[in-house]
Amino acid sequence: MVKILFDEFIFFLVIILAVLIGSSKANGCDLFEGNWIIDNSYPMYDSKACPFIRSEFDCIKFGRTNLDYLKYRWQPSNGCVLPRFDGKGFLEKFRGKKIMYIGDSLSLNIYESLLCLLHDAVPQAKYNQVILRENVTVTFLDYEVEIVLFHSNLLVDIEVEKIGRVLKLDSIKDGQIWKNFDLLIFNTWLWYTRRPPGQQWDFVEFNGKILKDMDRVEAFRAGLKTWAKWVETDVDTTKTKVFFQGASPAHYHGSEWGEPTVNNCLNETTPVNGSTYPSGLPIPVNIVKQELQNMSKQIVNLLDITKLSQLRKDGHPSKYNGNHGMDCTHWCIGGVPDTWNQILYASLI
């Protein structure tokens, strides 16, 4: 009896220490540096039981049989511990509040991951789902927690005028909706690089001038500056917590991870060994960090998931998706986005 009580005490002590040490605010831990290790207690949920996964992320449903990618856990460096995601704790923390993910399809990736994590924690909880065009709202009714995906590829505005679709790098009209939420997680980059026919605009308006096009990296920087200014002037950060989700890497060029003959992620079944990615960080990473540092107040938290995701060349749908194309941009659910949400949660507790 004494041994059982002692074992239970040790178990709860370990949990408490994991929370204290694992918080990105505690003891100077950097949760974004580390490596991936096998953990047989993973995955955190059964994706087949999650009702929220879109076909483009549902790798098991569309035939992926090698499931080793689900068994990897992110291990931060320097003895830091990343606490396991606590779905009930998350819902209790945000009881009666509203959460919004704003961005492109990679925001959809992390959004659906969160919904699966929460559904697994409270599988019997009642929920309501509303889909309006590309925006989705799921409300966990027992907790009155509203979780929204707001589709915005560029964060700044695109308006249809007589000359065509105009990308307005100095304007964010949708911010009037966003600022009313309690937790905001933003993401953009991918669509700034798109060329026709995927490009979403015909002209760019910047500093009062209409341009046919401009350097895409500079357009991204300009849009980010506008967004940062909007956060500073329009968001009450005493009420609203703001995160920016770092750039999510794609894996189409094996030369980036030391396999120069590989041109997609189809046959990748293991992460990159170690904690560094051979080709280094992509362009937007430093731009985002610079613009966040340039803000007059440090009120935006960076969800710096780029490097840890670069190591996961094995985590993409590849051909195992409902669109039937080769997708090495998005991520299987369950999978890597669960870790993004796990770190988000650790940053909030």
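How far does helix 8 reach from its first C-alpha to its last, and what reach is expected at 1.5 Å a residue? Before I answer, let me say that what we are looking at is a predicted model. Helix 8, residues 336-348, has 13 residues and reaches 19 Å, which is close to the expected 18 Å. As for its surroundings, 13 of the 13 residues of this helix are buried, by which I mean under 20% relative accessible area, so helix 8 is largely enclosed by the rest of the structure.

Let me turn now to the sheet. Seven strands form an open sheet with mixed pairing, and their order across it is 4-5-6-3-9-12-13. The edges are taken by strand 4, residues 127-132, and strand 13, residues 300-303, and because each has a single partner strand, one side of each is left without a neighbour in the sheet. From one strand to the next, the twist averages 15°.

At the strand 4 edge, the partner is strand 5, residues 135-140, which runs antiparallel to strand 4 and is joined to it by six bridges; one of the residues involved is Asn 128, whose bridge partner in strand 5 is Thr 139. Packed on the sheet is helix 3, residues 105-121, which touches strands 3, 4, 5, 6, 12 and 13, and whose direction makes about 160° with that of strand 6.

Finally, the annotation: an unreviewed UniProt entry gives "domain: Trichome birefringence-like C-terminal" for residues 82-346. In the model that span is 28% helix and 21% strand, and its end C-alpha atoms lie 7 Å apart.

Conventions:
Residues numbered from 1 in each chain as written. Predicted model: local features only at pLDDT ≥ 70, side-chain atom pairs only at ≥ 80, totals over all residues. Heavy atoms only, no water. Helix = DSSP H or I, 4+ residues; strand = E, 2+ residues; numbered from the N terminus. Expected span 1.5 Å × (residues − 1). Buried < 20%, exposed > 50% of the residue type's maximum accessible area, 1.4 Å probe, protein only. Pairing = 2+ DSSP bridges. Axes fitted to C-alpha atoms, helices over the stretch in contact; angles between N-to-C directions. Contact = heavy atoms within 4.5 Å. UniProt positions renumbered as here; feature names shortened; annotations may be inferred.
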